[in-house]
Amino acid sequence: MGAGLSANFDVPEEVRALVALLVAYLAVGYLLSRWGSGRLDIGFDGLVLVVRTRRFNTLIERLGLRYRRALKVFSTVSVAAIVALMVFGVYVLHDNLYKFMFRRSEASPFMPVVPGVTLGLEALPYFAVGAFVVLVTHELAHGVVAVSEGIPVRSSGLFAAFVLFGGFVEPSEEDMARSSLLSKLRVLSVGSVANYLTALLAAVTFSLLFAPAPGVMVEGTIEGYPAHGVLATHDVIVSINGTPVRGVDDLSAFMARTRPGDVVELVVLRGGGEARVSIRLAPDPRNSSKGFMGIKLAQRFTTRIPLPLHPAAVLSYYAHRAFNWVIVLCASAAVINALPVYPFDGGQMLLWILKERGRSEGLAKAVCGAISAYFAALLVANVVLTFKLWGVRAWLP
């Protein structure tokens, strides 16, 4: 007697798309590495596609030598600046862990970006752009300051690691080890400071080009909830039950007073016109006593350059997402790299200081290892506790 067993596996669409992207990445990388053989120094290092070229080295050397004096001033200031970033990061890690344990509603998320897990495919292009800006500014700063300190750059180029793209600079480790402590600290500190300055520059640039506008932009709806099929992406909610909606906080405050089964009347801007829609609220999955529409929201912005109302809102929405990813990733990379965790920049600085000021290299490594382990555990604890909060993906830019 026999029995046949069968199972239907419903593979999520995002997983299928990621697998397709991975296959395409490996195929294109293989073809490029074969084509580049003899023409470019291009090939796989593990699963990372690396392109090395002397052109980047020449550019880095030219910048480092031409602006040597200015770079010495900037990198010296950067040593103090990265200490400030380190102190800020240490405070945030401890303060946020305390809030997770005793005042959870006030805690902030610490979320690693994993495509298909914590990051939807729709955000992947923005993440790729932001990550590229982070890596290029970080590595370029290291490279030009290394040259200004008399430390030659061994290699430089571009890399692709599936959905992550960026640049890299590899100063000579031997020359780095022989340089003075101040030179080491200058080279190591500028990466984080360059990232932080890039975040500030992106924030200022966005504020000069765009401005907040009344209303809330609908990013999308959640399938299975009342707004799905009623509201559309890029709808702008300007009032609810006759109450003007100036921003996300206004809408959140109104929804906090609603109950499941309530009917709300929305006025939305749609395609250059105005529409009125009614939605009967469902229970909020976070609090079943509250009403819930099932929409993903974003603050509405408009262009400072005069454009028709709806195109300005849509353009501003996409620009805000792109700039926001650059700002968040650059600022986060600056603070995290400044932490006293080896091999982050802050951890490398700590190790060199302990080696130079201590009597035993073994003791310096042991102390640096213990400090790194403590702060790494603190960072992991914040990440783990973040996963326990509802709707963690909603926090991603």
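Is His234 buried or exposed? This model is predicted, and in it His234 is buried, with a relative accessible area of 15%. That value is under 20%, so the residue counts as buried. Find His234 in the loop between strand E5 (210-221) and strand E6 (236-240). Now look at its backbone. His234 has a positive phi of about 80°, although it is not a glycine. Most residues other than glycine have a negative phi.

Move on along the chain to Asn241. This residue sits in the loop between E6 and strand E7 (243-244). Its phi is positive too, at about 50°, and Asn241 is not a glycine either. How exposed is Asn241? Its relative accessibility is 38%, so Asn241 counts as partly exposed. The cut-offs explain this label, because partly exposed covers the range between 20% and 50%.

Next comes a peptide bond. Most peptide bonds are trans. The one from Tyr342 to Pro343 is cis, with omega near 15°. Where is Pro343 found? Pro343 lies in the loop between helix H8 (309-338) and helix H9 (345-357).

Finally, turn to a charged residue in a helix. Glu139 belongs to helix H4, which spans residues 124-148. Glu139 is buried, yet it has no salt bridge. Which side chain of opposite charge is nearest to Glu139? It is Arg154, 11 Å away. A salt bridge needs the two charged groups within 4 Å, so a distance of 11 Å does not qualify. Glu139 does have another partner. Its side chain reaches the backbone nitrogen of Val169 at 3.3 Å.

Terms used
Residues numbered from 1 in each chain as written. Predicted model: local features only at pLDDT ≥ 70, side-chain atom pairs only at ≥ 80, totals over all residues. Heavy atoms only, no water. Helix = DSSP H or I, 4+ residues; strand = E, 2+ residues; numbered from the N terminus. Buried < 20%, exposed > 50% of the residue type's maximum accessible area, 1.4 Å probe, protein only. Lys, Arg positive; Asp, Glu negative; His and termini not counted. Polar contact = N/O pair within 3.5 Å; in protein donor to acceptor, adjacent residues only side chain to side chain.
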